[in-house]
Amino acid sequence: MTRLRTPSFPLLLLALLLYLLPVIARREDEESKYQKRDFHTLSNEDIRTLVESEPPQWNSVDEGHLGKLLIPRACEFTLVQNYISSVFTKLGWHEEKTPFRGATPIGDINFTNLIYTFDPSAPRKIILAAHFDSKWFPDFPANQFIGATDSAAPVAMILDLAEFLTPLLEKRKERIRSGQGILKKDFDEEEVAETTIQIVLFDGEEAFKDWTSTDSIYGARHLAELWQSTYLPSSHPLNKRRLSPPPSVLNTIDHLVLLDLLGNKHSMIYSYFRETDWLHSKMKFADERLQHEGLVEVEKNEKEWFGDMRMRGGIGDDHLPFLHRGVSIFHVISNPFPKVWHTLADDASALSLPALRRWNRILRVFSCEYLGLEPSTANAKRTNDELVRIYLFS
Ligand SMILES: *[C@@H]1O[C@H](CO)[C@@H](O)[C@H](O)[C@H]1NC(C)=O
Ligand SMILES: [Zn+2]
């Protein structure tokens, strides 16, 4: 992950300054104007249930998913790809890999994006994304770089989230299949389920030399191009009106939420895009309720992780090729970057267990509310028979 580079140093400083200057005016309440989707606010009891749901909270920063990911992951290194693949295969998600060969300053390299979709037949999706590669360095000891916050931890957080969401999504699928989808005021489960969740893990985010528009985000550039030229079949619901150009896979993305540089003690997340200010507010609200309920450990001086003001400009990352093609982006990246950024110190010791647990819980609340999942309903261990009995005898 690198800021966009400009050719001369004073220009770079100026650009950095602009990036860092928050817009003076506080954000107006633009929610109604841009909100494309209802958020289904969870009750405190739901949030408690969700926190206690499987998988259990992490007990260390180098076990489980993190233990598998905290190794150098640069350059045609498939061990980590295979691990990620095994996790999603076990969960039963649809897998798509997009292998391609890219020209880099150190020669041609094989890259592969990893894409997992809970329900590939759903017409729309929210994407949760992170990059799984670590920055490549030519010489020892720099080539031992791990990139714990960049972005092993975000990937591990996404794996934890997928494990948590899968049973809830399965149960909803089962309810809809058996004609028992939940239907209440302002909530039609069948309609809500038309937006599925897709996980995109990008390869080749890092530059091999210095960050430029051609030496960086190899996987994201490839995927955005691929999807732009992949048109939807005529049977697709988004294809009803004969649009020109015809809708492509890019049009099925409601939002792309990109996680990067997270997992250390300190995070400061700003909103960079007016149209997703409201998503930023929802994530902030998730954190506030978790804190209010005492369900997250807040480290010293870390109460506020979400800034109130929108940042002017942005930070160069995997979202850019999608942003430039009109996709709605929520960039969840710590600004300023972690102090260990692109140094050997960005290893397990840079991570904070309370911070990781807090992120996992924030993502659970945020995703459930976005996807309209209620953990208590979905987790109820009652069978249909029991429900019938309760109905008959109560
Ligand atoms: C790169 O991919 C090509 C096929 O596209 C394959 O023949 C080659 O062995 C791969 N190289 C490495 C190092 O994996
Ligand atoms: Zn990086």
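Me: How many bridges join S1 to S2, and do the two run parallel or antiparallel?
Reply: In this predicted model, S1 and S2 run antiparallel and are joined by 11 bridges. A hairpin of two residues links S1 to S2, and Thr104 stands opposite Gly107 in S2.

Me: Which residues make up those two strands?
Reply: Strand S1 covers 94-104, while strand S2 covers residues 107-117.

Me: And what does S2 pair with besides S1?
Reply: S2 is also joined to strand S6, residues 195-202, by four bridges, and these two strands run antiparallel. Within that pairing, Val200 in S6 is the bridge partner of Ile115.

Me: OK, so what is the strand order in the whole sheet?
Reply: Six strands form an open sheet with mixed pairing, and the order is S1-S2-S6-S3-S7-S10. The edge strands are S1 and S10, each of which pairs on one side only, and from one strand to the next the twist averages 20 degrees.

Me: Back to Thr104 for a second: which residue far along the chain does its C-alpha approach, and at what separation?
Reply: That residue is Thr214, which is 110 residues apart from Thr104 along the chain, with 8.2 Å separating the two C-alpha atoms. Thr104 is found in strand S1, whereas Thr214 is found in the loop between S6 and helix H8 (218-228).

Me: Are those two buried or exposed?
Reply: Thr214 counts as exposed because it has 12 other C-beta atoms within 10 Å, and the cut-off for exposed is 12 or fewer. Thr104 has 19 such atoms within 10 Å and is therefore partly exposed, since a buried residue needs 20 or more.

Me: Different topic, where is Gly326?
Reply: Gly326 is found in the loop between helix H10 (320-323) and strand S10 (329-333). With 10 other C-beta atoms within 10 Å, Gly326 is exposed. Its C-alpha atom is separated by 8.5 Å from that of Leu250, and these two residues are 76 residues apart along the chain.

Me: What about S8 and S9, how do they pair?
Reply: Strand S8 (residues 269-271) and strand S9 (residues 306-310) pair in the parallel sense over two bridges, and Ile269 stands opposite Phe306 in S9.

Me: Which helix goes with them, and what is the handedness of the unit?
Reply: Helix H9, residues 277-292, makes a β-α-β unit together with S8 and S9, and that unit is right-handed.

Me: Now the helices: how many residues does H11 have, and what span does it reach?
Reply: Helix H11 (residues 353-371) has 19 residues and reaches 27 Å from its first C-alpha to its last, which is close to the 27 Å expected at 1.5 Å a residue. The helix is mostly covered, as 16 of the 19 residues in H11 are buried.

Me: What follows H11?
Reply: Gly372 follows H11, and the phi of Gly372 is positive, near 70 degrees.

Me: How does H3 pack on H11?
Reply: Helix H3 (residues 44-52) packs with H11 at an angle of about 125 degrees, and their axes are 10 Å apart. H3 passes H11 in a right-handed crossing.

Me: Why is that pair called oblique?
Reply: Angles of 65 to 115 degrees count as roughly perpendicular and those over 145 as roughly antiparallel. The angle of about 125 degrees falls in neither range, and H3 and H11 are therefore oblique to each other.

Note on methods
Residues are numbered from 1 along each chain as its sequence is written. Chains are lettered from A and ligands numbered from 1 in the order in which they are written. This is a predicted model: local features need pLDDT of at least 70, side-chain atom pairs count only at pLDDT 80 or more; totals for chains, interfaces and linings use all residues. Two strands pair if DSSP finds at least two bridges between them. A crossover is right-handed if, with the strands pointing away from the viewer, the path from the first strand over the helix to the second runs clockwise. The expected span of a helix is 1.5 Å times one less than its number of residues. Axes are lines fitted to C-alpha atoms, for helices over the stretch in contact, and angles run from 0 to 180 degrees between N-to-C directions. Angles under 35 degrees count as roughly parallel, over 145 as roughly antiparallel, 65 to 115 as roughly perpendicular and the rest as oblique. A crossing is left-handed if the near helix is turned anticlockwise from the far one by less than a right angle, and right-handed if clockwise.
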